[in-house]
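Me: Take a close look at one part for me, the shell around the ligand. Then set that part in its wider context.

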Amino acid sequence: MSAFEPLTIAITGANSGIGLRAAQRLAAQGHRILALCRHPHRGRVALETINAGAAHPATLVTADLSAPESVAAAADHISRRTGHLDVLINNAAVFDQAMRRPAFTASGHELFWATNHLGPFQLTARLSPLLAAAPRPRVINVASKGLITMPRIAIRFDQLDDPGWYSPTRAYYHAKLAQIMTAYSLALRARGTLDVACVRVPAVRLDADRVAALPWALRALYAPKNRLAIPAERLGETYAALATRTTTWQEHSETAAQGRSALRGVYLDEKLRPVDAPAFAYDATARERLWVMSQNAVGGPSWAW
Ligand SMILES: NC(=O)c1ccc[n+]([C@@H]2O[C@H](COP(=O)([O-])OP(=O)(O)OC[C@H]3O[C@@H](n4cnc5c(N)ncnc54)[C@H](OP(=O)(O)O)[C@@H]3O)[C@@H](O)[C@H]2O)c1
């Protein structure tokens, strides 16, 4: 039997919900957790929870994914602490349905786009040399099952930060589509050297403090839905199984295949079964356009692949 090799795993949004449960589970299994959290205080509270059952104390890294300078500082901090990174889980996201009007970051990007797409894109690029230094590196993005209800969704390349089409739901799913497309692009760019997955998360029970923070009308709407939703622990298991698997997405794809079949195995449901993405995600020209545009928006970082 081979000796247990702890993995170094960075997970964003590790202070709450699924991210916290995944961090707890992976830490309890003996892996080294880099817990990326936006707020130092919430991060420290989460660290106590994670470390309660951990073999190695987790490390807190402060990172606001909507702020490019904060993402760059977090990546630098991680690079100073470790020579390699086995897994990056891009879990954090904003999905506050109470944000009826668009908010914009200091860089001028709409907040959902900045937090849920540009931040993870920049973080993945900045950490790619560390990932490339790991023996079997892996990147995990996170999307949403709700995209099933939007089969014709597309990236609005010419209206990205235009408030005209904004609603919190539209902005959220638009950024989640970009998460799937980035996973596909990365999987093809780094084929054979990086495992890439994107999890299609179904309705998951929100933590009590999240629900309590909602305006009363949304809370009333959310309460029955939240009771029926899957516990966050269940998705924490999914993330942990993906992070530590010995196989890669390519076992589901056919090397000679084109289009959808070539990408099968990247987008997975909560039971790690391959699922289809919205049609737009299979458009190679659109994926390349998204990549170039995202790369320019985050200052053209160097990628390892
Ligand atoms: N819950 C669901 O039903 C559901 C369904 C489909 C997909 N998902 C996806 O699953 C993932 C986890 O969601 P969850 O249910 O665990 O929700 P959650 O408990 O609200 O966790 C979201 C995490 O993202 C962090 N975050 C938000 N904005 C950030 C920023 N600017 N910088 C850094 N971190 C930020 C939050 O930090 P703070 O504590 O500082 O706010 C929190 O740690 C998300 O990608 C979400 O889109 C969830």
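Reply: α1 gives the shell around the ligand its largest share, three residues. This is a predicted model: local features need pLDDT of at least 70, side-chain atom pairs count only at pLDDT 80 or more, and totals for chains, interfaces and linings use all residues. Numbering starts from 1 along each chain as its sequence is written. Helices (H or I, at least four residues) and strands (E, at least two) are DSSP runs, numbered from the N terminus. α1 (17-28) and β5 (138-144) each supply at least two residues of the shell. In total 30 residues surround the ligand; a residue is near if its C-beta atom, placed from the backbone, lies within 6 Å. Gly13, Gly17, Ala92, Ala93 and Val201 come nearest.

By class, the shell has 14 nonpolar, eleven polar and five charged residues. Nonpolar means Ala, Val, Leu, Ile, Met, Phe, Trp, Tyr, Cys and Pro; charged means Asp, Glu, Lys and Arg; the others, Gly among them, are polar.

Now the chain around this shell. Its secondary structure comes to ten helices and seven strands. The radius of gyration (over C-alpha atoms) is 18 Å, close to the 19 Å from the globule rule (2.2 Å times the number of residues to the power 0.38) for 305 residues, so the chain is as compact as a globular protein of that length. The C-alpha trace spans about 55 × 50 × 35 Å along its principal axes. Of the 305 residues, 46% count as buried, with 20 or more other C-beta atoms within 10 Å of their own, these atoms being placed from the backbone. In α5, 17 of the 22 residues are buried.

Terms used
A residue is buried if 20 or more other C-beta atoms lie within 10 Å of its own, exposed if 12 or fewer, and partly exposed in between; C-beta atoms are placed from the backbone.
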